[in-house]
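Subject: Structure for your review

Dear colleague,

Please find below the structure that I am handing over to you. My findings follow directly after it.

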Amino acid sequence: MTGEKQSAQGTGNGADAGAFLPNFSSSHTLFLVVLIAQLLAFILALARGPAPEGFWVALAFTSLFVQWVALGTVLVLCLARRSLLRLPPLQAAGAAWLIVLVVTVIFSLLALWTGSYLGLKPHMPVTDHLGFLGRTVSISAIVSAVALRYLYVQHQWKQNVEAEARSRIQALQARIRPHFLFNSMNTIASLTRSRPEAAEMAVEDL
């Protein structure tokens with residue numbers, strides 16, 4: 001009983017850590033990240049309105065940038081996952097959120113530098129640079145906060161479902177055990193006078 005309690009306490013402590021973060025190196029999670037990033041890029045391209053270079057070209061550049069940020073974030077989160085798992089939920093969520101923002105800033109600056117180097121925006125003023133950086137960081141902050149909240153709520157829901165299933169099994173076992181003991185004792189009592197040897201074997205089996 002003591003070992004079971006210690007095991008249960010250890011499981012509970014592990015559940016309180018940043019275990020709500022998924023394994024970003026799995027193919028399923030990676031596919032979902034790429035799909036969500038592409039949907040976000042499509043929404044951003046639609047919200048932008050008519051572009052001088054055309055909708056599909058704007059969508060291609062937006063998709064390229066969003067996928068850069070998404071895959072770069074996944075890479076950093078994969079490398080930092082062991083450290084995040086040791087943190088409490090709030091700290092793990094905050095650290096993951098900051099990672100997303102830092103990666104977004106890095107790739108935003110890289111995109112601005114690449115655009116200037118290739119001559120796509122040769123005379124873009126500094127205010128436009130800051131505006132682009134502010135928009136990308138704001139969008140990334142909102143989307144990542146919603147995603148982390150969803151992951152945490154989903155993890156809590158799965159824990160509640162598992163805890164409810166365990167409590168039902170334990171309640172069922174508690175109901176079965178007294179009946180089993182009662183029936184065994186009745187069988188032994190009935191065999192005591194007529195078949196003592198069988199009663200002795202039944203006691204040993206019990």
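Leu32 is located in helix α2. In this model, which is predicted, Leu32 has a relative accessible area of 36% and is therefore classed as partly exposed, since that class lies between 20% and 50%. Leu32 also belongs to a nonpolar patch on the surface, together with Phe31, Leu35, Ile36 and Leu39. The accessible area of this patch comes to about 490 Å² in total.

Thr29 is likewise placed in helix α2. With a relative accessible area of 13%, Thr29 is buried. Apart from its neighbours within four places in sequence, Thr29 makes contact with Pro22, Asn23 and Phe24.

Turning to the interior, the largest nonpolar core comprises 21 residues. Phe20, Leu21 and Leu77 have the most contacts inside this core. Two or more residues each come from α2, α3, α4 and α5, and α3 makes the largest contribution, with eight residues. When neighbours within four places in sequence are set aside, the contacts of Leu77 are Phe24, Leu84, Ala96 and Ile99.

Ser140, which is found in helix α5, is buried at 11% relative accessibility. Beyond its neighbours within four places in sequence, Ser140 is in contact with Val100, Leu101 and Thr104.

The aromatic rings come next. A pair of aromatic rings is described by the distance of the centres and the angle of the planes. There are five aromatic pairs in the count. One of them joins Phe20 and Tyr152 in an edge-to-face arrangement, with 5.5 Å from centre to centre and 90° between the planes. Phe20 sits in the loop between α1 (2–16) and α2 (27–48), while Tyr152 is part of helix α5 (residues 126–194), so this pair ties together parts that lie 132 residues apart in sequence. The two partners fall into separate accessibility classes: Phe20 counts as buried at 5% relative accessibility, whereas Tyr152 counts as partly exposed at 27%.

A further pair is formed by Trp68 and Phe107, whose ring centres are 6.2 Å apart. The planes of these two rings stand at 40°, so the pair is tilted, an angle under 30 degrees being needed for stacked and one over 60 for edge-to-face. This pair, too, links distant parts of the chain: Trp68 lies in helix α3 (residues 55–85) and Phe107 in helix α4 (residues 89–118), 39 residues apart. Trp68 is partly exposed, its relative accessible area being 32%. In addition, ring pairs join Phe42, Phe55 and Trp56 into a cluster.

How many salt bridges does a search of the whole structure find? The search finds one. This salt bridge is formed by Arg168 with Glu164, and the closest N and O atoms are 2.9 Å apart. Arg168 and Glu164 are four residues apart in helix α5, which means that about one helical turn separates them. As for accessibility, Arg168 counts as exposed at 57%, while Glu164 is partly exposed, with a relative accessible area of 41%.

In closing, two findings may be set side by side: the largest nonpolar core of 21 residues, and the nonpolar surface patch that includes Leu32.

With kind regards

Key: Residues numbered from 1 in each chain as written. Predicted model: local features only at pLDDT ≥ 70, side-chain atom pairs only at ≥ 80, totals over all residues. Heavy atoms only, no water. Phe/Tyr/Trp six-rings, centres within 6.5 Å; stacked < 30°, edge-to-face > 60°. Buried < 20%, exposed > 50% of the residue type's maximum accessible area, 1.4 Å probe, protein only. Patch = residues over 30% accessible without salt bridge, like charges linked within 9 Å, V, L, I, M, F, W, Y side chains within 5 Å. Areas by Shrake-Rupley, 256 points an atom, 1.4 Å probe, with all protein chains shown as cover. Salt bridge = Lys/Arg side-chain N within 4 Å of Asp/Glu carboxyl O. Core = buried A, V, L, I, M, F, W, Y, C linked by side-chain atoms within 4.5 Å. Contact = heavy atoms within 4.5 Å.
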